[in-house]
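Hi,

Here is the structure I promised to pass on. Have a look first, and my notes follow underneath.

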Amino acid sequence: MNASFPPGFDPQWATALLPALPQLEQVLARVREREAQGEVVFPPSDDIFAAFSRPLSDVKVLILGQDPYPTAGHAMGLSFSVRPGVELPRSLRNIYQELQDDLGLPYPSSGDLRSWADQGVMLLNTILTVPEGQAKGHDRLGWQEFTGAALEILNGLEVPPVAVLWGRPAQALGVHLDRCPQVCAPHPSPLSARRGFFGSRPFSQINQILTQRGQRPIDWRLP
């Protein structure tokens, strides 16, 4: 059943998303067509589905992003995360500032958020690919229908995850996550971070919800 999915999907996700496989194949065909025309696409093909590489049953928190970073060497398939050694993007620097202010943790030196993902934090962009230098350049390829199916699956879990919705586009998707506890704030981008993201204390809110539900809180410390 899972063999038709591209490499990178955990078997639980591949099984749950099987009805959305035709949509995924259509989108990937459009991406390949763009690449054949000379477009440079991020992240690398092996990392496109990194958000789905961990078991569906482990997901406790969903942090929803928009699309991958359009700068070479940055995107790694997880929302807001960048590869080790990459200079921190401005939005991620603001996230780290709020992490420090909220929990008193040291300011991280790496933008690699895989340790969060390993604890059940799904870092999902609604658009999974981007052309070099063109934010939202794959906005109309159909990714949102596929990732929307993933949101429906998460919303239907017996214990749905805490949904972290930063910015209006993410919050607009909250209607599809109506069973999920929601932690909302303005986007951490430089344009909006001072309009309510700073001081929103999302990390302590998330852990409070998890603790109240009898789940292990997230250890948000990073290198």
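I started from aspartate 10, which, leaving out residues up to four places away in sequence, touches Phe52, Ser53, Arg54, Pro55 and Leu56. Keep in mind that this is a predicted model. Aspartate 10 sits in the segment before α1 (11–16). With a relative accessible area of 12%, aspartate 10 counts as buried, because the cut-off is under 20%. Its C-alpha lies 6.1 Å from that of phenylalanine 52, although the two are 42 residues apart in sequence. The aspartate 10 side chain also reaches the backbone nitrogen of glutamine 12, at 2.9 Å.

Phenylalanine 52 turns up again in the core. The largest nonpolar core has 72 residues, and Leu17, Phe52 and Trp143 are the ones touching the most other members. Helix α5 (residues 143–155) supplies the largest share of this core, with 7 residues. Not counting neighbours within four places in sequence, leucine 17 is in contact with Phe5, Phe9, Phe52, Phe146, Ala149, Ala150 and Ile153.

Then there is helix α3 (residues 90–103). Its 14 residues should span 20 Å at 1.5 Å a residue, and the end C-alpha atoms are indeed 20 Å apart. Which residues of α3 are buried? They are Ser91, Leu92, Asn94, Ile95, Tyr96, Glu98, Leu99 and Asp102. And what do the buried residues of α3 pack against? Their partners are α4 (114–117), β5 (162–166) and α7 (202–212). Just after α3, glycine 104 adopts a positive phi of about 70°.

Cheers

Methods:
Residues are numbered from 1 along each chain as its sequence is written. This is a predicted model: local features need pLDDT of at least 70, side-chain atom pairs count only at pLDDT 80 or more; totals for chains, interfaces and linings use all residues. Side-chain values use heavy atoms; hydrogens and water are left out. Helices (H or I, at least four residues) and strands (E, at least two) are DSSP runs, numbered from the N terminus. Buried means under 20% relative accessible area, exposed over 50%, partly exposed in between (1.4 Å probe, protein chains only). Contact means heavy atoms within 4.5 Å. A polar contact is a pair of N or O atoms within 3.5 Å; within protein, one must be able to donate a hydrogen and the other to accept it, and residues adjacent in sequence count only if both atoms are side-chain atoms. A nonpolar core is a set of buried Ala, Val, Leu, Ile, Met, Phe, Trp, Tyr and Cys residues joined through side-chain atoms within 4.5 Å. The expected span of a helix is 1.5 Å times one less than its number of residues.
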